[in-house]
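Student: I am new to this structure and would like a close look at a single part of it, the largest nonpolar core, together with the helix packing around it. Could you take me through that part slowly, and then show me how other buried places compare in their setting?

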Amino acid sequence: MQQQPLYFGHLYVPGGSANAQQSPECQLRTWRDKLADYDTTRFDPSVLNTYRGNQYVNDRSAVIGCLMQITDYRRMNDGKLMILVQALERFVVEDIVETKPYGVANVQILLDEEELLWNNAKSYVSEDSCKYLRGEVISSSFYYHDYEFEKAKLPISNSCDDNDDDNTDEYYLSKDDVPWISISKLLPFARYSTDDISLIKANECRQSVERLCMSIDENASGELPLEKQLQNGAILWKPPPLMSSDRVIRRSQDLNDCDTLETLLWLAIDDFCRAARFTLPEEVACLIPPEMDYLDITIPSATVELSQQYPKLRRQRRLSYLAPALIENLDVGKDMRQVWLNTPSTKARLVGVLERFDHLNNEIMGQFE
């Protein structure tokens with residue numbers, strides 16, 4: 001019987017996993033290893049993250065990746081596995097356990113700056129002081145997953161005969177057996193669950209953590225919090241601005257909060273959908289704030305309305321990842337997945353993707369002038 005949940009970590013490796021065993025630059029490494037690279041090759045663009053023109057270039061394996069949950073799988077008759085996964089959280093590699101036959105590492109789940117409740121402390125907070133609180137915040141975040149990610153299943157039978165109750169042998173699929181069109185309807189975005197009962201426990205846990213943060217030791221000495229070390233070492237960094245022929249396209253990140261940025265982004269998406277005649281997927285349309293019912297965006301009838309108990313910051317964080325995915329096949333959004341993972345906050349991701357939608361809208365309008 002399949003056990004749940006099943007997780008694995010996904011990391012970017014230049015040239016794919018086949019290079020991980022062949023090239024030193026592509027081998028699994030920790031964030032401290034990357035900091036060492038930064039200290040010894042501070043001005044070497046072949047080692048550090050680079051952004052050339054409007055294209056992100058990374059010639060080394062990433063240390064920030066994505067935690068994936070396997071919601072369903074089938075065995076293929078060629079020995080491969082077909083798996084259906086959800087992207088849940090991002091992580092940073094802390095310790096390497098082994099590299100062969102495949103990489104195994106201990107990782108730390110990364111939170112956005114808005115979730116780091118100890119950032120509101122008035123004095124110095126050390127890593128030792130906030131380590132326990134970080135664990136509690138991450139635990140509360142995982143409680144939201146049951147609502148945020150409907151447990152989708154592959155539209156494929158487990159056996160070669162659904163009507164044979166005595167057939168317990170696992171069925172090995174051939175490529176001809178795979179209903180590709182049905183599977184495509186599950187991709188690329190995850191749906192919210194229609195059952196919001198898990199939000200009660202999730203919100204209770206969140207409130208409990210907020211109370212814990214009020215008693216944090218602000219005078220303890222020691223290392224900087226992990227997130228601050230990652231930012232100081234240029235492992236977490238804000239998305240670079242867009243470059244045009246005569247100017248840098250950059251919105252101020254100081255004057256806008258997440259609520260304002262969310263509104264501005266939806267206005268830009270509304271303009272984009274209208275000008276490009278683009279139909280927004282229901283999994284994205286459901287993130288429209290209730291008060292923005294004046295938008296012209298056509299919302300599919302099957303769209304699930306989000307629960308009133310769902311925190312708006314979680315909604316904004318989800319939007320900051322899904323909105324870039326809408327334009328990742330266009331020049332302004334190409335090869336940006338690692339950039340969004342490396343971004344330290346929901347606010348910075350919203351600013352980065354808003355700049356790109358504004359640029360697209362200006363280009364579209366320019367075609368009619």
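Tutor: What follows begins with the chain as a whole, turns to the core and its helices, and ends with two single residues.

The model is a predicted one, and its chain holds eleven helices and eight strands. Of the 369 residues in the chain, 46% count as buried. Among contacts between residues at least 6 apart in sequence, 75% join residues at least 24 apart.

The part you ask about, the largest nonpolar core, has 43 residues, and the members that touch the most other members are Leu265, Trp266, Ile269, Leu280, Leu287, Leu319 and Phe357. At least two residues of this core come from each of the helices H5 (198-213), H7 (258-276), H8 (282-285), H9 (312-326), H10 (337-342) and H11 (346-366). The largest share is that of H7, which supplies eight residues. To see the core from one of its members, take leucine 319, which, when residues up to four places away in sequence are not counted, touches Glu262, Leu265, Trp266, Ile269, Leu287, Pro324 and Leu350. Apart from this core lies another, of 16 residues, and Val93, Ile109, Leu111 and Cys213 are among them.

Now consider how the helices themselves are arranged, starting with a pair that supplies the largest core. Two packed helices are described by the angle between their axes and the distance between the axes. For H7 and H11 the angle is about 30° and the axes are 9 Å apart; angles under 35 degrees count as roughly parallel, and therefore H7 and H11 are roughly parallel to each other. Their crossing is left-handed. On the H7 side the residues that meet H11 include Leu261, Leu265, Ala268, Ile269 and Phe272, while on the H11 side those that meet H7 include Leu350, Leu354, Phe357 and Ile364. By class, this contact of H7 with H11 has 16 nonpolar, two polar and four charged residues.

A second pair to look at is formed by helix H2 (residues 127-143) and H5, which pack at an angle of about 165° with their axes 8 Å apart. Since angles over 145 degrees count as roughly antiparallel, H2 is roughly antiparallel to H5. The crossing of H2 and H5 is left-handed. From H2 the contact takes in Tyr132, Leu133, Glu136, Val137, Ser140 and Tyr143, and from H5 it takes in residues including Ala202, Cys205, Arg206, Val209 and Cys213. The residues of the contact of H2 with H5 divide into nine nonpolar, two polar and three charged.

Finally, turn to two residues that lie in loops. Glutamate 115 has its place in the loop between strand E6 (104-110) and H2. Its relative accessible area is 5%, and because buried means under 20%, glutamate 115 counts as buried. Leaving out residues up to four places away in sequence, glutamate 115 touches Val137, Ser141, Arg206, Arg314 and Arg317.

Leucine 173 lies in the loop between helix H3 (145-148) and helix H4 (180-184), and with a relative accessible area of 1% it is buried. Again without residues up to four places away in sequence, leucine 173 touches Arg74, Arg75, Met76, Asn77 and Ile156. Leucine 173 and aspartate 78 are 95 residues apart in sequence, while their C-alpha atoms are 8.5 Å apart in space.

Conventions: Residues are numbered from 1 along each chain as its sequence is written. This is a predicted model: local features need pLDDT of at least 70, side-chain atom pairs count only at pLDDT 80 or more; totals for chains, interfaces and linings use all residues. Side-chain values use heavy atoms; hydrogens and water are left out. A nonpolar core is a set of buried Ala, Val, Leu, Ile, Met, Phe, Trp, Tyr and Cys residues joined through side-chain atoms within 4.5 Å. Buried means under 20% relative accessible area, exposed over 50%, partly exposed in between (1.4 Å probe, protein chains only). Helices (H or I, at least four residues) and strands (E, at least two) are DSSP runs, numbered from the N terminus. Contact means heavy atoms within 4.5 Å. Axes are lines fitted to C-alpha atoms, for helices over the stretch in contact, and angles run from 0 to 180 degrees between N-to-C directions. Angles under 35 degrees count as roughly parallel, over 145 as roughly antiparallel, 65 to 115 as roughly perpendicular and the rest as oblique. A crossing is left-handed if the near helix is turned anticlockwise from the far one by less than a right angle, and right-handed if clockwise. Ala, Val, Leu, Ile, Met, Phe, Trp, Tyr, Cys and Pro count as nonpolar, Asp, Glu, Lys and Arg as charged, and the others, Gly among them, as polar.
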